[in-house]
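Colleague: I have this model open on my screen and would like a close look at one part of it. Could you take me through the largest pocket and what surrounds it?

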Amino acid sequence: MQPLTLPPDLSHALDDLADATGRRPEDIALDAVRAGLRAEEARVRAVAERLAGAHADLLRRLGE
């Protein structure tokens, strides 16, 4: 896997945040990616559950 390359503005913002918080930029980026993935997974799960509920009868009939 290749390292992630950030645009200069994001890289500078990440470096500034790391300096301000005393954390490594890599740790801040990992936390942000993890949080983004959790949020996106929750969004996708909610949509899938809504669609499954809306089409439960069809899904049941297809499964027979």
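Modeller: Sure, let's start with the chain as a whole. This is a predicted model, and read along the sequence its pattern is α-α-α. That makes three helices and zero strands. The radius of gyration of the chain is 20 Å, well over the 11 Å that the globule rule gives for 64 residues, so the chain is more spread out than a compact globule. The C-alpha trace tells you about the outline too, spanning about 60 × 25 × 15 Å along its principal axes. Of the 64 residues, 5% count as buried. As for the accessible surface, it comes to about 5,600 Å², with 61% of that belonging to carbon and sulfur atoms.

Now for your pocket. The largest pocket holds about 290 Å³ of space. Its lining is made up of M1, Q2, P3, L4, L6, L14, P25, E26, I28, A29, A32 and V33. Sort those residues by character and you get 10 nonpolar, one polar and one charged. Helix α2, residues 25–54, gives the most to this lining, with six residues. If you're looking at how lining positions fall along a helix, keep one general point in mind: an α-helix has 3.6 residues a turn, so residues three or four places apart point the same way.

One of the lining residues is Q2, and it's worth a stop. Q2 sits in the segment before α1. Its relative accessible area is 71%, and since anything over 50% counts as exposed, Q2 is exposed. Between Q2 and T21 there are 27 Å in space, C-alpha to C-alpha, for a separation of 19 residues in sequence.

T21 brings us to helix α1, which runs over residues 8–21. At 1.5 Å a residue, its 14 residues should span 20 Å, and the end C-alpha atoms are indeed 20 Å apart, so the two agree. Just after α1 comes G22, which takes a positive phi of about 75°. Further along the sequence you're into α2, residues 25–54, and back at the helix that gives the most to the pocket lining.

Technical notes
Residues are numbered from 1 along each chain as its sequence is written. This is a predicted model: local features need pLDDT of at least 70, side-chain atom pairs count only at pLDDT 80 or more; totals for chains, interfaces and linings use all residues. Side-chain values use heavy atoms; hydrogens and water are left out. Helices (H or I, at least four residues) and strands (E, at least two) are DSSP runs, numbered from the N terminus. The expected span of a helix is 1.5 Å times one less than its number of residues. On a 1 Å grid over the protein atoms alone, a cavity is a set of points where a 1.4 Å probe fits but cannot get out, and a pocket is an open set with protein on both sides within 12 Å along at least five of seven lines; lining residues have an atom within 4 Å of a point. Grid points are joined across faces, edges and corners, and a volume is the space filled by probe spheres set on the points. Ala, Val, Leu, Ile, Met, Phe, Trp, Tyr, Cys and Pro count as nonpolar, Asp, Glu, Lys and Arg as charged, and the others, Gly among them, as polar. The radius of gyration is taken over C-alpha atoms; the globule rule is 2.2 Å times the number of residues to the power 0.38. Buried means under 20% relative accessible area, exposed over 50%, partly exposed in between (1.4 Å probe, protein chains only). Accessible areas come from the Shrake-Rupley method with a 1.4 Å probe; for residues, only the protein chains shown count as cover.
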